[in-house]
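Biologist: I would like to learn how to read pockets, buried residues and helix faces from a set of coordinates. Could we take one chain and work through it together?

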Amino acid sequence: MRIDKLLANMGYGSRKEVKTLLKKGIVLQNDTVIKNSSTHVDPEKDTIKVFGEVVEYKEYVYLMMNKPPGYVSATEDNHDNTVIDLLEAEDSIFQPFPVGRLDKDTEGLLLITNDGKLAHQLLSPKKNIGKTYFAHIQGRVTEDDITQFKEGVTLDDGYVTKPAQLNILTRGEISEIEVTITEGKFHQIKRMFEAVGKKVVYLKRLSMGTLQLDSDLLVGEYRELTDSEYSYLTSIHNG
Ligand code: URA
């Protein structure tokens, strides 16, 4: 890979700005100064330093966000802020995108990556990955709702949902529940509750498979996946 492309990808500026950096003689390839922006380097084998600091090259970024309400799960939007607007420049430089969608008013676990293949696999219904949500429901959720969710409910468009596991945490005017689904139809949880005559008033995604939302992440915060979280996702990808 050309050194100017590598440095531009890693956020050291535009190709033109990177060329200026190179001319200044502050970029080293294995401790030898390189000034020519078309020099080829091997990011796997060569040690590249800028201002004496080693450049840790990576092609992909994998982020876990605790999505806040009020942001859309998209890379661009004409009206609303997007989850990508919440990223630091050092992360948005990778041009990542959210894996699937949480509604604008939904909170919680959202994966953001620029690894298109992995994203595609994770969204595949064939992978049967359970997604667990916590919700506040207007109305008393009943044992009958649990049975109906287990058997599949009919949505407003006639679609019958796959079995879902509903747990009631507290019952009342507003019930607190957890629900696990293996699909990702548009507004699925909200429409499933509508199908049994109830309304979701708060929704937060807690997990995708065994990947859990980090409870240390405040709403709107994000972090890179740990190695073991990443390995889990790639095991789904390859499995
Ligand atoms: N189901 C919904 O209704 N909304 C979401 O954001 C996610 C699942």
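Biologist: How many residues line the largest pocket, and which of them lie nearest its centre?

Modeller: This is a predicted model, and in it the lining of the largest pocket is made up of 29 residues, with R101, Y133, G184, K185 and F186 lying nearest the centre. The elements that contribute two or more residues to this lining are α4 (116-123), β10 (131-138), α6 (188-195) and β13 (199-208). The space in the largest pocket comes to about 540 Å³, and its lining divides by class into 13 nonpolar, seven polar and nine charged residues.

Biologist: Where does the largest pocket lie with respect to the domains, and why?

Modeller: The way to read this is to ask which domains supply the lining. The assignment for this chain gives domain 1 (3-54), domain 2 (62-125 + 211-238) and domain 3 (130-208). Because domain 2 and domain 3 both give residues to the lining of the largest pocket, that pocket lies between them.

Biologist: Which domains does the second largest pocket lie between?

Modeller: The second largest pocket takes lining residues from both domain 1 and domain 2, and therefore it lies between these two. Its volume is about 180 Å³, and the lining consists of N9, M10, Y12, V54, V55, E56, K58, E90, D91, F94 and E224. By class, that lining holds five nonpolar, one polar and five charged residues. As for the two domains themselves, their centres, taken over C-alpha atoms, are separated by 29 Å.

Biologist: A cavity is a separate case from a pocket, so I would ask about it separately: what lines the largest cavity, and what is its volume?

Modeller: A cavity is a space in which the probe fits but from which it cannot get out, whereas a pocket is open. Here the count is one cavity of 30 Å³ or more, and the volume of the largest cavity is about 40 Å³. It is lined by L122, L123, S124, P125, K127, N128, I129, K131 and T182, a set that divides into four nonpolar, three polar and two charged residues.

Biologist: Let us turn to single residues. Is T106 buried or exposed, and why?

Modeller: The term buried applies under 20% relative accessible area, and T106 counts as buried because its relative accessibility is 1%. T106 sits in the loop between β8 (97-98) and β9 (107-113), where, leaving out residues up to four places away in sequence, it touches K67, P68, P69, K190, L203 and K204. Of these contacts, K67 shows how sequence and space can be read side by side: T106 and K67 are 39 residues apart in sequence, with 7.6 Å between their C-alpha atoms.

Biologist: Where does D103 lie, and which residues is D103 in contact with?

Modeller: D103 also belongs to the loop between β8 and β9. With a relative accessible area of 17%, D103 is buried, and, when neighbours within four places in sequence are set aside, its contacts are K67, Y71, H187 and K190.

Biologist: How should I read the faces of a helix, and which residues of α2 are buried?

Modeller: The idea is to look at where the buried residues point around the helix axis. In α2 (residues 15-23) the buried residues are V18, L21 and L22. They lie on the same side of α2, because the arc they cover around the axis is only 100 degrees. K16 and K23 are exposed on the other side of α2, while the buried residues pack against α1 (3-9), β1 (27-29) and β3 (48-50). Just after α2 comes G25, which takes a positive phi of about 75 degrees.

Biologist: Which residues are buried in α5, and what covers them?

Modeller: In α5 (residues 143-151) the buried residues are D145, I146 and F149. Their arc around the axis is only 105 degrees, and therefore they are on the same side of α5. What covers them includes β11 (165-170), β12 (174-181) and α6, and the face turned away from this buried side carries the exposed residues K150 and E151. α5 is followed by G152, which has a positive phi near 105 degrees.

Notes
Residues are numbered from 1 along each chain as its sequence is written. This is a predicted model: local features need pLDDT of at least 70, side-chain atom pairs count only at pLDDT 80 or more; totals for chains, interfaces and linings use all residues. Side-chain values use heavy atoms; hydrogens and water are left out. Helices (H or I, at least four residues) and strands (E, at least two) are DSSP runs, numbered from the N terminus. Buried means under 20% relative accessible area, exposed over 50%, partly exposed in between (1.4 Å probe, protein chains only). Contact means heavy atoms within 4.5 Å. The arc is that of the directions from the helix axis to the C-beta atoms. On a 1 Å grid over the protein atoms alone, a cavity is a set of points where a 1.4 Å probe fits but cannot get out, and a pocket is an open set with protein on both sides within 12 Å along at least five of seven lines; lining residues have an atom within 4 Å of a point. Grid points are joined across faces, edges and corners, and a volume is the space filled by probe spheres set on the points. Ala, Val, Leu, Ile, Met, Phe, Trp, Tyr, Cys and Pro count as nonpolar, Asp, Glu, Lys and Arg as charged, and the others, Gly among them, as polar. Domain bounds come from an automatic or database domain assignment.
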